[in-house]
Amino acid sequence: MWKTILRRLLIMIPQLFLVSVLVFVLAKMMPGDPFSGKIGPNTDPHQLAALRKAAGLDDPWTTQYVRWIGNALHGDFGNSFQLKEPVARVIGDRLGNTVWLSLLALVLTYVVAIGMALVAARRENSKTDRFLVAYNSLIYSLPAYLFYLFAIFVFGYILGWFPTSGTVSPEASGAVGVFFSRLYHMILPAGVVALISTTGTFTYLRSGILDEAKQEYVKLARAKGVPEKTIFSKHILRNAFLPIASTMGYAITGIFGGMIIAETIFSFPGVGSLFIQSVLQRDYPIVTTLVLFNGILAVVGGLLSDIIMSIVDPRIRIS
């Protein structure tokens, strides 16, 4: 177990280095710079050139990368060109919102997906099964923003059940009031994200249950008179969960990075909406930091998946 974790951590070092180089180079390849938006009829080009030079944008990209990664290793990701604040502070102010929204969406996703898969697999070829399969095929084929806009229009404007922006109501007071206000603001975006993120888990689990139910060891257990509930819970379901466990680490980190569109459409002040704003404003320090953060999450997701699989299935552990 510990050898598996140690080996994965050692493999992560060159991976993170390549991710940091790729992120920095791609950010530099973006057209324009933070000062392009200041160009006007009366703009002094010499002043803009001085600003670019003072920001270090005229240095070779290798010099800029070494300076950037050296500061990043000490927790200094630079200052935002637009907000004039340290990048770590800007991201930190919004990180908590995204973390809690992602966790709620992840929990709801697994609850809904696993529940649908169990119902569909136990009622194979029934109307319920066909409906759930069709539903997951539909949400997989349509873009997510259509569901976000539909939810805002119906549940936010027509029915007025949920707020459509922000994280806390102005009238909320006290720790308890603020907590429930935050939860209330997260229900709609997290619920919609969960309802349209069930396809992978639903498909893997449903197929796994149906496949495992046809295995010889299940037939042998039935022949021995083992109760059907015991066969399903201790044999079929446990083995059917292995594909879900193998991707759980990626799901935990992936849903965090996938909040960009949801936060933007729902006007939720998290790091996802901050990323979109920073890209539009060419705020390179924030863009590179957020992309690097998501790259690190992807690598960590692989590590988490290996650890989860080592716990669930000891056969894959590295000796």
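Two residues are in contact when heavy atoms of one lie within 4.5 Å of heavy atoms of the other. With that meaning of touching, Leu 210 touches Ala 121 and Glu 124, when residues up to four places away in sequence are not counted. The model described here is predicted, and its protein chain has 14 helices and 0 strands.

**The chain as a whole**
- From the N terminus on, the elements of the protein chain run α-α-α-α-α-α-α-α-α-α-α-α-α-α.
- The protein chain has 319 residues, and buried residues make up 37% of them.
- Among contacts between residues at least 6 apart in sequence, 72% join residues that are at least 24 apart.
- The accessible surface of the protein chain comes to about 18,100 Å², and 67% of this surface belongs to carbon and sulfur atoms.

**The nonpolar cores**
- The largest nonpolar core holds 35 residues, and those that touch the most other members are Tyr 148, Val 193, Leu 205, Ile 209 and Met 259.
- Several elements give two or more residues to this core, among them helix 6 (144–158), helix 7 (174–195), helix 8 (199–212) and helix 11 (242–257), while the largest share, 8 residues, comes from helix 4.
- Leaving out residues up to four places away in sequence, Tyr 148 touches Val 192, Val 193, Ile 196, Ile 261, Ala 262, Ile 265 and Phe 266.
- A second core, separate from the one just described, has 14 residues, including Ile 91, Phe 256, Phe 275 and Ile 286.

**Where helix 4 meets helix 8**
- The axes of helix 4 and helix 8 come within 8 Å and cross at roughly 35 degrees, and this crossing is right-handed.
- On the side of helix 4, the residues that meet helix 8 are Tyr 110, Ala 113, Ile 114, Met 116, Ala 117, Leu 118, Ala 120 and Ala 121.
- On the side of helix 8, the residues that take part are Thr 201, Phe 202, Leu 205, Arg 206, Ile 209 and Leu 210.
- By kind, the residues of this contact between helix 4 and helix 8 divide into 12 nonpolar, 1 polar and 1 charged.

**A closer look at Leu 210**
- Leu 210 has its place in helix 8, and Ala 121, which Leu 210 touches, is one of the helix 4 residues that meet helix 8.
- Leu 210 counts as buried because its relative accessible area is 12%, and the cut-off for buried is under 20%.
- Leu 210 and Leu 237 are 27 residues apart in sequence, and their C-alpha atoms are 9.8 Å apart in space.

Terms used
Residues numbered from 1 in each chain as written. Predicted model: local features only at pLDDT ≥ 70, side-chain atom pairs only at ≥ 80, totals over all residues. Heavy atoms only, no water. Core = buried A, V, L, I, M, F, W, Y, C linked by side-chain atoms within 4.5 Å. Buried < 20%, exposed > 50% of the residue type's maximum accessible area, 1.4 Å probe, protein only. Axes fitted to C-alpha atoms, helices over the stretch in contact; angles between N-to-C directions. Left-handed = near helix turned anticlockwise from the far one by under 90°. Nonpolar A, V, L, I, M, F, W, Y, C, P; charged D, E, K, R; others polar. Areas by Shrake-Rupley, 256 points an atom, 1.4 Å probe, with all protein chains shown as cover.
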